[in-house]
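Biologist: Before I turn to the bench, I should like to go through this protein with you. Please set out the reasoning behind each answer.

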Amino acid sequence: AGRHPYHKAVVSTQSTGALNEWDLKGGNSEWRQKLDTQRGDILTTEMKNNKCKLAKWTVSSILAGADLLKFGYITRSMPRSSSESIGHAILSTQQFIPKQFAAQISLDMNNAWGILRVIVDKCMQLKDGKYVLYKEPAKPILRIYKVPQNTFEENDDSDVDQD
């Protein structure tokens with residue numbers, strides 16, 4: 001945190017992420033009852049179930065030089081409905097210093113840079129073309145798929161006037 005040159009206020013940066021409650025039963029939110037008294041248990045469960053997401057947020061926060069990493073605990077306002085128009089409620093927030101949280105989740109930045117190096121080296125060995133890097137869900141596997149050159153490109157023909 002530092003001072004903005006034109007103001008007396010302290011400038012602090014933060015990155016944020018939303019931890020969404022997943023309720024298989026479609027009933028009452030467990031987080032509403034447990035968040036105040038068992039926040040550590042809820043965060044531990046999120047670390048187990050969403051380790052990649054938390055690691056990604058933490059690395060992004062460190063690389064951005066953020067002073068804080070803040071998580072919001074989010075639940076549906078009306079959990080029994082799957083309608084897109086249903087709102088969500090922020091039940092609570094929790095903040096961490098990014099490097100301390102990295103240590104808490106056993107995230108080693110040297111290892112992260114090593115993984116990136118392996119991916120870059122592998123990509124440098126590929127022939128020219130367009131590729132997709134895909135992480136297998138719930139598995140520690142990354143795959144690289146070659147795709148046609150025009151994949152993911154939007155067709156601009158819809159904007160052309162046809163007389």
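The exchange below concerns a predicted model and takes up its core, a serine in a helix, a hairpin and the salt bridges.

Biologist: Which elements each supply at least two residues of the largest nonpolar core?

Modeller: This core has 14 residues, and those touching the most other members are Leu19, Leu43, Phe71, Tyr73 and Phe101. At least two residues of the core come from each of these elements: α2 (39-49), α3 (51-64) and β4 (68-76).

Biologist: Which residues does tyrosine 73 touch, not counting those up to four places away in sequence?

Modeller: Tyrosine 73 is among the core members that touch the most others. With residues up to four places away in sequence set aside, the residues touched by tyrosine 73 are Leu19, Trp31, Leu35, Arg39, Ile42, Leu43, Ala89, Ile90, Leu91, Ser92 and Gln94.

Biologist: Is serine 61 buried or exposed?

Modeller: Serine 61 belongs to helix α3. Beyond its neighbours within four places in sequence, serine 61 contacts Ser15, Ala66, Leu68, Leu69 and Pro98. The side chain of serine 61 also makes a polar contact of 2.9 Å with that of serine 15. Because its relative accessibility is 0%, and the cut-off is under 20%, serine 61 is classed as buried.

Biologist: In the hairpin of β6 and β7, which residue takes a positive phi?

Modeller: Strands β6 (residues 130-135) and β7 (residues 142-147) run antiparallel and are joined by six bridges. One of the pairings is that of lysine 135 with leucine 142 in β7. Six residues lie between the strands of this hairpin, and the positive phi, near 60°, is that of alanine 138.

Biologist: How far apart are the closest N and O atoms of aspartate 121 and arginine 117?

Modeller: Both residues lie in helix α5 (residues 109-124), four residues apart, which is about one turn of the helix. Aspartate 121 is partly exposed because its relative accessibility is 31%, whereas arginine 117, at 54%, is exposed. The two form a salt bridge, and the distance between their closest N and O atoms is 3.0 Å.

Biologist: With which residue does lysine 130 form a salt bridge?

Modeller: The closest N and O atoms of this salt bridge, formed by lysine 130 and glutamate 153, are 3.6 Å apart. The pair links distant parts of the chain, 23 residues apart: lysine 130 is in strand β6, and its partner in the segment after β7 is glutamate 153.

Biologist: Is glutamate 136 buried or exposed?

Modeller: Glutamate 136 forms a salt bridge with arginine 143, at 2.6 Å from N to O. Arginine 143 is partly exposed, with a relative accessibility of 36%. Since the relative accessibility of glutamate 136 is 14%, this residue counts as buried.

Methods:
Residues numbered from 1 in each chain as written. Predicted model: local features only at pLDDT ≥ 70, side-chain atom pairs only at ≥ 80, totals over all residues. Heavy atoms only, no water. Core = buried A, V, L, I, M, F, W, Y, C linked by side-chain atoms within 4.5 Å. Buried < 20%, exposed > 50% of the residue type's maximum accessible area, 1.4 Å probe, protein only. Contact = heavy atoms within 4.5 Å. Polar contact = N/O pair within 3.5 Å; in protein donor to acceptor, adjacent residues only side chain to side chain. Pairing = 2+ DSSP bridges. Salt bridge = Lys/Arg side-chain N within 4 Å of Asp/Glu carboxyl O.
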